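Q: I have a model open on my screen and would like to learn how to read it. Could you walk me through it?
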Amino acid sequence: MVNLTTKFSRWTVGLALGFTMLVGVPTAGQGPPFYEDKMNLLVYVDARGRERTISNVEDWEKRRAHILVNMEEVMGPLPDRSSLPALEMEVVTTEDLGDVIRKKVTFVSEPGDRVPAYLLVPKGLDGKAPAMLCLHQTTKIGKGEPAGVGGIPDLHYGLELARRGYVTLAPDYVNFGEYEFDPYQKGYASATMKGIWNHMRAVDLLQSLPEVDAGRIGCIGHSLGGHNSMYLSAFDRRLKVVVSSCGFNSFFKYYGGDLTGWSHRGYMPRISERYGKDPNRMPFDFTELVAALAPRSFFINAPLRDANFEVSGVKDCVSAAAPVYALLGAPERLLAVHPDAEHAFPPEIREQAYAFVDDILQRGNPRQDDGSQRRQD
């Protein structure tokens, strides 16, 4: 399996992927700072434990580093990416859909583990195309739903985006579809972190394809896929645009603060084991996670009648993150829409999301610094 190194070592190997070299991260003998107020994001705690006001990009990177380390406190450490195995993609089946070729494939995530996925490639591409990683909701067929094989038609976004000119990849999440894997037996602290690892490898795969422009990749997901898109993009700055449909709200407003739904073995057991399913004790919240995506483009579908993720908790997250987007000069890159719907991704909202993605990956408008090349010395 991959080497699950300490949570801090990975920051020294991220430059090749365009990650940030982080400063202000505690050493291995210390715990990361705990921020009681996770709505006030324009402060950070310095090495002496003093709270400092954030007024520039460099200071924000310190707070962002703390957010990621605190996520790892709950999810377990992100494995070391300094020595990756070959992807060894294998094509299982190929279907001609007329305008799109849909392939069932597998690829190596780590030694002894192959992830099943659907790869959709538009016909008649003129040069290298942008790509979208398409993550599925909680559904038995897993990857088959976004790929258009079955499930809910409104969630066939992998197929719909392929028909708009994107190369799309839809992998199975742990223990969905055709993918059986015990992350705990392999040393992971959560299925969530195993998902992040697999999805980073999926980005590796997209970047390796001759049809794909490696600098124009985004991620989209609904529900389970909605928050997994955010987790991935927080750790992986190669994603230029993120779409989350019905994927989150603040922990305090998730079923009235009852975090049972986040704490099972399909997600993050430490939420129960370490933090008693108490939002007040959690090291991170989605208010911080939304801000950690800045200044990259983030489209949020948060329906007014979503029983899973109550909408005022989504608005809290957007409100908290907005000053960070403003600080980084990209307030227009954070967009939330609130259709009069339940836990759904309606056609008109998908069209808005796709147009949002097109602006970044197809038309390159606007082309602001996304933070991927920023380094702190």
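A: Happy to! Buried residues make up 61% of the 377 residues in the protein chain. Keep in mind that this is a predicted model.

Q: How many helices and strands are there in the protein chain?
A: The chain has eight helices and eleven strands. As for contacts with a separation of 6 or more, 71% of them join residues 24 or more positions apart.

Q: What should I look for in the interior, and which residues have the most contacts inside the largest nonpolar core?
A: The general idea comes first: in soluble globular proteins, nonpolar side chains tend to be buried together. Here, the largest nonpolar core has 85 residues, and Met71, Trp262 and Phe298 have the most contacts inside it. Helix 3 (residues 191-208) gives the largest share of this core, nine residues. There is also a second, separate core of 20 residues, with Met132, Ile220, Phe299 and Val357 among them.

Q: Which residues is tryptophan 262 in contact with, leaving aside its neighbours within four places in sequence?
A: Its partners include His227, Tyr231, Phe251, Tyr254, Met268, Phe286 and Phe309.

Q: His227 and Tyr231 are both in helix 4. Is helix 4 mostly covered or uncovered?
A: Helix 4 is mostly covered, with twelve of its twelve residues buried. Among them are Gly225, Gly226, Asn228, Ser229 and Ser233, as well as Leu224, Met230 and Phe235.

Q: And how do I read the span of helix 4?
A: Compare the end-to-end reach with the expected value. Helix 4 (residues 224-235) reaches 17 Å from its first C-alpha to its last, close to the 16 Å expected at 1.5 Å a residue.

Conventions. Residues are numbered from 1 along each chain as its sequence is written. This is a predicted model: local features need pLDDT of at least 70, side-chain atom pairs count only at pLDDT 80 or more; totals for chains, interfaces and linings use all residues. Side-chain values use heavy atoms; hydrogens and water are left out. A nonpolar core is a set of buried Ala, Val, Leu, Ile, Met, Phe, Trp, Tyr and Cys residues joined through side-chain atoms within 4.5 Å. Buried means under 20% relative accessible area, exposed over 50%, partly exposed in between (1.4 Å probe, protein chains only). Helices (H or I, at least four residues) and strands (E, at least two) are DSSP runs, numbered from the N terminus. Contact means heavy atoms within 4.5 Å. The expected span of a helix is 1.5 Å times one less than its number of residues.
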